[in-house]
Amino acid sequence: MSSGSAIRGSRIGSSPMRPDERSEPAPRREVIYHCSTGHTSRILFAAEASAPETWDCPRCGQPAGLDGQNPPGRLRSEPYKSHLAYVKERRSDEDAAKILEEALAKVRQRRGE
Ligand SMILES: [Zn+2]
């Protein structure tokens, strides 16, 4: 049975994929985020990267969190909306646009990190 072991040995040597690499999971992982609207978004991250605590919901743009029972948007959206409505009554649309722009800039800055 010396020929059998010779074939087995050559197969392992010629294969580009080692058995231990095969059993490892794909180098990406899926993280599920929940937004206050009730969307669940599956975001893929590189396995070695740490997932951020919040992620903007791809469907509605609200901040989404890892905890489905307590999405971050729910805490902020209600007082924020009423505050913005209050601000709009007193300020011009130009100021509102500026506030929105600042908020978007913060989001972009966070994504860049
Ligand atoms: Zn959403």
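**Aromatic cluster.** I looked first at the aromatic rings of this predicted model. Ring pairs join Tyr33, Phe45 and Trp55 into a cluster. I found three aromatic pairs in the structure. For Phe45 and Trp55 I noted ring centres 5.2 Å apart and planes at 90°, so I entered the pair as edge-to-face. Phe45 belongs to strand E2 and Trp55 to strand E3, so this pair ties together parts that are ten residues apart in sequence.

I then checked how far each of these two residues is covered. Phe45 has a relative accessibility of 10%, and I recorded it as buried because the cut-off is under 20%. Trp55, at a relative accessible area of 27%, is partly exposed.

**Nonpolar core.** Which residues make up the largest nonpolar core? I listed seven: Val31, Tyr33, Cys35, Ile43, Phe45, Cys57 and Ala64. Two elements give two or more residues to this core, namely strand E1 (28–35) and strand E2 (40–46). E1 supplies the largest share, three residues. I set beside this a general expectation: in soluble globular proteins, nonpolar side chains tend to be buried together. Two members of the aromatic cluster, Tyr33 and Phe45, also appear in the list of core residues.

**Strands E1 and E2.** I examined how these two strands are arranged. E1 and E2 pair in the antiparallel sense, over seven bridges. As one register point I noted His34, whose bridge partner in E2 is Thr40. The hairpin formed by E1 and E2 has four residues between the strands, and within this hairpin Gly38 takes a positive phi near 105°.

I next sorted the residues of E2 by face. Ser41, Ile43 and Phe45 form the covered face, while Thr40, Arg42, Leu44 and Ala46 form the uncovered one. As a rule, side chains in a regular strand alternate between the two faces of the sheet.

**Zinc site.** Which atoms of the protein serve as donors of the zinc ion? I identified Cys35 (SG), His39 (ND1), Cys57 (SG) and Cys60 (SG), lying 2.1 to 2.4 Å from the ion. Along the chain these donors follow the spacing C-x3-H-x17-C-x2-C. Cys35, in strand E1, and Cys60, in the loop between strand E3 (54–56) and strand E4 (63–65), are 25 residues apart, and the pair links distant parts of the chain.

Why is the arrangement tetrahedral? The four donor atoms subtend angles of 106 to 115° around the zinc ion, and I classed the geometry as tetrahedral because all angles must lie between 85 and 135 degrees. For reference, the ideal angle for four tetrahedral donors is 109.5 degrees.

I compared the burial of two donors. Cys35 is buried, at a relative accessible area of 3%, whereas Cys60, at 35% relative accessibility, counts as partly exposed. Cys35 and Cys57 are zinc donors and are also listed in the largest nonpolar core.

**Whole-chain checks.** I searched the whole structure for disulfides and found zero. The protein chain has four helices and four strands. Read from the N terminus on, its elements run α-α-β-β-β-β-α-α. Finally, I recorded overall burial: of the 113 residues of the protein chain, 17% count as buried.

Note on methods:
Residues numbered from 1 in each chain as written. Predicted model: local features only at pLDDT ≥ 70, side-chain atom pairs only at ≥ 80, totals over all residues. Heavy atoms only, no water. Core = buried A, V, L, I, M, F, W, Y, C linked by side-chain atoms within 4.5 Å. Buried < 20%, exposed > 50% of the residue type's maximum accessible area, 1.4 Å probe, protein only. Pairing = 2+ DSSP bridges. Donors = N, O, S within 2.8 Å, 3.2 Å for Na, K, Ca; no water. Tetrahedral: all angles 85-135°; square planar, octahedral: opposite > 155°, others 65-115°. Phe/Tyr/Trp six-rings, centres within 6.5 Å; stacked < 30°, edge-to-face > 60°. Disulfide = S-S within 2.5 Å.
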